[in-house]
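Please open the model in your viewer and keep the selection panel at hand. The tour below goes from one selection to the next and says what is found at each.

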Amino acid sequence: MTEVLTVRNVHWYSDGIFGIAFERDGIEFVPGDCLALFGADEQTSRPYSVASGAGEDTLRFVIRRMPGGDISGYLAEREAGDRVKISPPFGWFRPGPRDDGSPFVFLATGTGISPFLAHFNSRPVAPPLQCLYGVRTLDDAVDSDKIESQCDLRMAVSRGDAGHHHRGRITDLLEGMPCATENHYYLCGLDAMIDDVSQWLELKGVPITHIHRECFFNASYSTPQT
Amino acid sequence: MPPIPRLRHDSPAMKTDNVYHITREDWLQTTQGDPRGYIQPAKLTELWFHTGTTCNLRCPFCLEGSKPGDNRINPLLFTDAKPFIDEALGMGIKQFSFTGGEPFVIDEFVQILGYALDHRPCLVLTNGTEPVLNRMEEILALREKPHPVKFRISIDYPDAARHDAGRGPGNFLRALQALGRLHRYGFDISIARQREQGEDIEKVDRAFHPHLEEVGVPTDINIVSFPDFLTPGAVAKVPEITEDCMTRYHTEETRDSFMCNYTKFVLKKNGKTRVYACTLVDDDTDYDLGGTLKESMRIRVMLGHHRCYSCFAFGASCSDT
């Protein structure tokens, strides 16, 4: 099993968010999987969700450079050809079509879009009913054109110019979201958003078995960081 | 002490076919040269499985050192677990128990649990957060199995801020809500919490009651408390356990209650599925007792790990009894 991957490139989407792509090296994963990426000491790691497609020849991650973040800072400074220690893929979040064909909806904030990007890049013919995407600034939005080309994208921008998108928080968009008890909802992002949306859905009668959560924390305690 | 023969069998007068799998002097004796205390396993009634050290949380105090992507103990596959379940059934096993890491992050865990529930009651130790919520549909289907599953959720303290400081913001409430949901769905539940030195155990347990009432859980559920076992590989200065200690401070009945008397622990390291003496000593390969349960039950367990002292002093038992 490969334990080290070679960096192909680092690409900045905005001041705080970057993508890092590695040579795939035969690693198998399913959309929703994470890998732990290690820092310079090769002891400390953080989990990040894969954002690339299962058929691509790179393994790509979308990462927010955290202030004082050892791992995100280390990864942000990598260059093509650098080697980074990784864990095997793992995951407990499986966004996408279900065996019974139930419709589904995606909700993400920030880099929480990563597992959904892996879905869009892997299964372009199986779109969600809608994708709700909350970002701080318009520049922070990653691959929104691609998402919009595949499904009904509703974006909320909390700071600065929102363009033609909603200026505010993702929870402002809930009333316009397709809501039915047979739908499945996949939520990925900060813990507060996940809890708020879960509660809202349950109040609307959506069973807990149809609410799928991937949660990360905006604090020194962090897992996963998607 | 006379020279110790390699792979020593006890006298023919004994009814069991006991062996030492290690004959080093420091294994059989304490540093003072006294015969080390031991447990001679009697009958396997509970089999534990380690599902792997990968977890969705990264708690700094985790006795397993579990965290996302950790591979010290490999994720358990159905094909790893099934032969041991089958072997245990032939040995009169009464219960299967599972711990991690977080078992529900393991893809094949529900399949493993389902197979075990076809045969015996099961206990699952979980943190009650996202992986459990995400797999609730699969968990609910387990109610159709012929045997029940009990969930023990870790809630470290009856104080949200203290719990969340180790396990992440909001996770006290999530774990509590998971406890409530599982109870409402008809599953048997219990809590595992941390025990502090000198605490009033009943008082701390009672402090959970208002939280339990809040989520509709009866206040008389079992609350199991554990001392700090330290992280894997830690060196702890604890008294050594001699044979004399085991007879002076313990009775036949209390010796029988040591987990290594009636349980074994199956886990996968470096791609190989092995049997360890108990759930607390998987960081020390000296407690690797072999590749089959039958083989492992013959081996005398020397109480030389620092966590053995917890069992000796506090009666720590990972079982839910």
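Begin with chain A, coloured by domain: the centres of domain 1 of chain A and domain 2 of chain A, taken over C-alpha atoms, are separated by 23 Å. For the selection itself, domain 1 covers residues 3-86 and domain 2 covers residues 104-217 of chain A. Bear in mind throughout that this is a predicted model.

**Between the domains of chain A**

Next, select the residues of each domain that touch the other, which gives 17 residues of domain 1 of chain A in contact with 15 residues of domain 2 of chain A. The two domains bury about 1,400 Å² between them, and carbon and sulfur atoms carry 55% of that area. In polar terms, 4 residue pairs are in polar contact between domain 1 and domain 2 of chain A, counting pairs with both residues at pLDDT 80 or more. On the domain 1 side, strand 5 of chain A (residues 58-64) gives the most to the surface that touches domain 2, with 4 residues. Sorted by class, that side of domain 1 has 9 nonpolar, 5 polar and 3 charged residues.

How many salt bridges does the rule find across the interface of domain 1 and domain 2 of chain A? The rule finds 1 salt bridge there. Now select A:Arg64 and A:Asp140, which form a salt bridge whose closest N and O atoms are 3.7 Å apart.

Keep A:Asp140 on display and add A:Ser14, since the side chains of A:Ser14 and A:Asp140 are joined by a polar contact of 2.6 Å. A:Ser14 sits in the loop between strand 1 (4-12) and strand 2 (17-23) of chain A. Is A:Ser14 buried or exposed? Its relative accessibility is 11%, so A:Ser14 counts as buried, the cut-off for that class being under 20%. If the neighbours within four places in sequence are left aside, A:Ser14 is in contact with A:Asp139 and A:Asp140.

**Where chain B meets chain A**

Now show both chains and select the residues at their interface, where 29 residues of chain B are in contact with 28 residues of chain A. The size of an interface is often given as the accessible area lost when the parts come together. For chain B and chain A the buried area is about 2,100 Å², of which carbon and sulfur atoms give 52%. Within chain B, label B:Arg58, B:Asn134 and B:Glu137, the residues that lose the most area to chain A, together 28% of what that side buries.

Between chain B and chain A there are 5 salt bridges, along with 8 residue pairs in polar contact when both residues are at pLDDT 80 or more. To see which elements of chain B take part, select helix 4 (130-134), helix 5, helix 6 and helix 7 (171-184), each of which supplies at least two residues of the side that touches chain A. The largest share of that side, 4 residues, comes from helix 4 of chain B. By class, the residues of chain B that touch chain A divide into 13 nonpolar, 8 polar and 8 charged.

For a single pair, centre on B:Arg174 and A:Asp195, which form a salt bridge with the closest N and O atoms 2.8 Å apart.

**Salt bridges within chain B**

Over all chains the structure holds 33 salt bridges, and the remaining stops are pairs inside chain B. Select B:Asp86 and B:Lys82, whose side chains meet in a salt bridge at 2.8 Å, N to O. Because these residues are 4 places apart in helix 2 (residues 78-89) of chain B, about one helical turn separates B:Asp86 from B:Lys82. B:Asp86 is partly exposed, with a relative accessible area of 29%, and B:Lys82 is partly exposed too, with 30%.

Move on to B:Asp118 and B:Lys145, a salt bridge of 3.1 Å, N to O. This pair links distant parts of the chain, 27 residues apart: B:Asp118 lies in the loop between helix 3 (109-117) and strand 4 (122-126), and B:Lys145 in the loop between helix 5 (136-141) and strand 5 (149-154) of chain B.

End at B:Asp156 and B:Arg167, where the closest N and O atoms of the salt bridge are 2.6 Å apart. B:Asp156 is in the loop between strand 5 and helix 6 (160-167) of chain B, and B:Arg167 is in helix 6, 11 residues away. Are these two residues, B:Asp156 and B:Arg167, buried or exposed? Both B:Asp156 and B:Arg167 are buried.

Methods: Residues are numbered from 1 along each chain as its sequence is written. Chains are lettered from A and ligands numbered from 1 in the order in which they are written. This is a predicted model: local features need pLDDT of at least 70, side-chain atom pairs count only at pLDDT 80 or more; totals for chains, interfaces and linings use all residues. Side-chain values use heavy atoms; hydrogens and water are left out. A salt bridge is a side-chain nitrogen of Lys or Arg within 4 Å of a carboxyl oxygen of Asp or Glu. Buried means under 20% relative accessible area, exposed over 50%, partly exposed in between (1.4 Å probe, protein chains only). A polar contact is a pair of N or O atoms within 3.5 Å; within protein, one must be able to donate a hydrogen and the other to accept it, and residues adjacent in sequence count only if both atoms are side-chain atoms. Contact means heavy atoms within 4.5 Å. Buried area is the accessible area (1.4 Å probe) that two parts lose on being put together, summed over both. Ala, Val, Leu, Ile, Met, Phe, Trp, Tyr, Cys and Pro count as nonpolar, Asp, Glu, Lys and Arg as charged, and the others, Gly among them, as polar. Domain bounds come from an automatic or database domain assignment.
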